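Open the model in your viewer and keep the selection box ready. We will go from stop to stop, and at each one you will hear what to pick and what is there.

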Amino acid sequence: MGDLENGWTISDTFPAAGLSPSELTAGLDRAYAETTGWDDPTVTRLGFAMSAPHEVALSAWTRFLALNSNNVGVHTPFGAGRAGTRRLEREALLGLAGLLHADSADGHITSGATEAVLQGLRIGRNAVRADAASRVTLITSEFAHHSVTKAAEVLGLDLRTIAPGPSWVIEPEQLAQAVEAAVAAGATGIIVALTAGYYNSGLCDPVDQLAALLRRRAVQLADQVRFFCYVDAAHGGFIFPFSDPALAFDFRNVGVHAMALDPHKSGLLPYSCGVLLVRKGLLGHVTEASPVTGIVDSTLTGSRPGAAAAALWATVFGLGHAGFTAAIQECLRRRDLIADAIRAADPEAEIRPAPASPVVVAGFSTPDGLLPKEFTERYRLLAVSAPAPQGGRRSYHHFYAGHSLTDEQIARFATGLSEAVAQARAARARPGRGKADAGLPEQLRDIAADTDCFRHYIVHPPGRRDPDEPGYSFHTFLHRSTTGEPLQVREWGETATGRQAHVYAPDLADPFGNELFGVRTADYYVEVLDRSQQKLSLVGGVHFCVGTGDPGERVLMNLESTGEFRSLEYKFGEGEFTDEIQCFRDRVVVKLGKSARGFRRRAHSDEYSFSIDTSFECTVELADDDRPARLDMLRVSGDPLLPRRTHLLRQEYQRFPNRFFDIECTVVVGARSADAWRLSDLVAASAADALVARSGLVGRCVPDVSGNAGELVVTTASLPAGRRTRMTVDTGVGQRMARLLPVFDVSEPERLRVDDVVAVADHGADLIRAHAAVRSTDGGTETVLATAVGVAA
Ligand SMILES: Cc1ncc(COP(=O)(O)O)c(C=O)c1O
């Protein structure tokens, strides 16, 4: 099955034959068990507007599901809306248009509010453009759902966002200013996206005042600017008409042109079903006949499920105004119970009322206004930064009293919240970043920022420093400069080879018991990990780093805790990307265009993630014989000719990995093979064309790797041709280093002595230096890089 560990990107073989019924059931059972139900005692969805679908919706949906002839999309225009689920769609939509006080309306069901927003704003754009308004600006609140900004990007609209003030909704004055600024900047078309029910607060923009303001400006500027007003009622559309019928957020304002609703939120439908409604005539701005079939299409998507139309119809007409009103009133009662629970747990919490919404917003009096992670996970809560009444911004949590929430769940939440608030208060604030003594040499003043050896940094939740404890830590590649923790630095004196050494550690009073201990001179540093780091580190217990005098070249060496040699690594390049050759005893790994970053997921949190992006990675496995070279694996995943965004946060990789490769390949060759080989000959001709990579040294390039008599040569020819680089390495260097190095066992680091570590560091650095990279320039544009080959064993 798919490679989930690596983030779903490595393709799987399509199944040759179907699974047996029991295997199929087992696969589905597993996923079903992983999906928490509404009554699951461990998870309650309080942060999102989600509910179990209503029985009438479910039964209509399932009844029509098997009839694929119910596609209400563009491919089945027959019946012209007068038959089957097409008729149900129209009837449901017209009922909803009546609910929203439209005298007449057009529209269609969508996959959700995101599609409805995109389609609604597309209609707006085309409508103002149809009247010669070519420069179109979209104005919205910074708190608008990101489907609005997404749509602006897709539709190519200039975006102007309004920063929320103390009320969190768009105030008339703010909108007036934004309109004036857009007009002054040359906009000839202005689309305003208002929100009826912000997802982080439940609040509703004063649509009646804002739409009237826009209407006045539209009349005043009739020969200059076209206006279009859109209301995203994804949340409020199925709530406000039942909780506060007087709230004029809808088509009763003549200046409102289009609206989105989201029946799969408070409308009690299963996913996915959204609704777009527009004033009569406007749908024509997106209506076209297909040049191929002549079929008329007014939608964004092609096929659409008739079962969704049937379910929407069943819910609208099955529940009616009375049914929805009763359901929403129940939600409001539960909302008040949640507010009571918050007041009881944290009497100083700032509770912001969201009138007529089943939403409570609370700013807790805990440090940073936050609640412990276990609690927010369990209740699926999000924290949002928003303006505070006393000025500045602070974190707020919002709580949705959904249709499926029970009083028992609220009671359990109330008890848990009191504990969570106490726990959050007890948590200590993290110390700030510290700098070393100002009396130190310049390059050691901020040693944490200066260290360039990425390491598996280990983060301990407060009070847990034992790696054997469950939940002990998260480990990541992290640059020390981002950890916020200071390092102590002390002058050590002259080493046996006459270098001036400094030693450093988070706590020099306990040098080997606290993450790492380092020795640094002008040309090297060596770091020894403590016991805990050694347990989790993937790259051994000791790291050496030697500079070659060229700022863009360095050699790293990693040793296992037992003192065994692990790898010697040559790194070239100073910018965002490096080119590397890593030599192990049994393999050499070439990495071009590698970029690695570790970072904190959220400010003040203990959560870290890392991301590694390598354009070209070629592993040459050295078999213990003389077999000829063979290509074992070639994967071409990305195209380095196109830019991609590297280093997103881990949470941004929900469906993608945090390790990227454009090209990965493996060559297996006997360590004693006498035959010359070349990667470009081993791969099929068509794949060779694809071997384009990003390089730290020459930018985009055609890479090649070749082997001959124990030597491995990596060449990069820049695109367009101009520069070439050559990196040469002795494939036996790993074996030789392993033989040459005296054993430096650090598996019991507390038994080490600082002086001994300094002596080992000095000796090891000299050995590495003898194998260090040499750079030479040959013929103007050609750079030749070579690792020194053939140092006597
Ligand atoms: C105000 C608002 N608009 C649009 C959307 C997008 O809805 P959907 O996920 O159905 O596409 C949401 C979803 O939470 C929302 O809260």
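The tour visits sheets, then salt bridges, then cavities.

**Before you start**

This is a predicted model, in which local features need pLDDT of at least 70 and side-chain atom pairs count only at pLDDT 80 or more, while totals for chains, interfaces and linings use all residues. Residues are numbered from 1 along each chain as its sequence is written, and side-chain values use heavy atoms, with hydrogens and water left out.

Helices (H or I, at least four residues) and strands (E, at least two) are DSSP runs, numbered from the N terminus. Two strands pair if DSSP finds at least two bridges between them.

**Stop 1: a sheet of seven strands**

Switch to a cartoon view and look for the open sheet whose seven strands come in the order E1-E7-E6-E5-E4-E2-E3, with mixed pairing. Which strands are at its edges? Select 105-110 for strand E1 and 158-162 for strand E3: each of these edge strands pairs on one side only. On average, neighbouring strands of this sheet are turned by 20° against each other, direction ignored; for such angles, axes are lines fitted to C-alpha atoms, and angles run from 0 to 180 degrees between N-to-C directions.

Now select residues 258-261 (strand E6) and 274-279 (strand E7), which run antiparallel and are joined by four bridges. Within this pair, Met259 has Leu277 in E7 as its bridge partner. Strands of a sheet pair through backbone hydrogen bonds, either parallel or antiparallel.

**Stop 2: a sheet of four strands**

Next comes an open sheet of four strands, ordered E10-E11-E13-E12 and paired antiparallel. Strand E10 (350-352) and strand E12 (383-387) stand at the edges with a single partner strand each, so one side of each has no neighbour in the sheet. Here the average turn between neighbouring strands is 35°, direction ignored.

Select strand E11 (residues 359-363) and strand E13 (residues 393-400): four bridges join this antiparallel pair. Val360 has Phe399 in E13 as its bridge partner. E13 also pairs with E12 in the antiparallel sense, over five bridges, and there Ser385 stands opposite Ser395 in E13. Between E12 and E13 the hairpin has five residues, and Gly391 takes a positive phi near 100°.

**Stop 3: salt bridges**

Turn on side chains. How many salt bridges are there? The count comes to 36, where a salt bridge is a side-chain nitrogen of Lys or Arg within 4 Å of a carboxyl oxygen of Asp or Glu.

- Select Arg217 and Glu180, whose side chains meet in a salt bridge at 2.9 Å, N to O. Arg217 is in helix H7 (residues 207-220) and Glu180 in helix H6 (residues 172-184), so the pair ties together parts that are 37 residues apart in sequence.
- Select Arg333 and Asp407, which form a salt bridge with the closest N and O atoms 3.2 Å apart. This pair links helix H9 (residues 306-345), home of Arg333, with helix H11 (residues 407-426), home of Asp407, and the two residues are 74 residues apart.
- Select Asp730 and Arg736, a salt bridge with its closest N and O atoms 2.4 Å apart. Are these two buried or exposed? Asp730 is buried at 11% relative accessibility, and Arg736 is buried with a relative accessible area of 11%. Buried means under 20% relative accessible area, exposed over 50%, partly exposed in between (1.4 Å probe, protein chains only).
- Select Arg499, Asp523, Asp762, Asp766 and Arg769, which are joined into one network by salt bridges that share partners.

**Stop 4: cavities**

Rolling a probe the size of a water molecule over the atoms shows where empty space is left. On a 1 Å grid over the protein atoms alone, a cavity is a set of points where a 1.4 Å probe fits but cannot get out, and lining residues have an atom within 4 Å of a point. Grid points are joined across faces, edges and corners, and a volume is the space filled by probe spheres set on the points. The count comes to five cavities of 30 Å³ or more.

The largest cavity holds about 120 Å³ of space. Among its 15 lining residues, select Val669, Gly670, Trp677, Gly710 and Thr731, which lie nearest its centre.

Finish at the second largest cavity, with a volume of about 90 Å³. Its lining includes Trp38, Phe48 and Tyr400.

Key
On a 1 Å grid over the protein atoms alone, a cavity is a set of points where a 1.4 Å probe fits but cannot get out, and a pocket is an open set with protein on both sides within 12 Å along at least five of seven lines; lining residues have an atom within 4 Å of a point.
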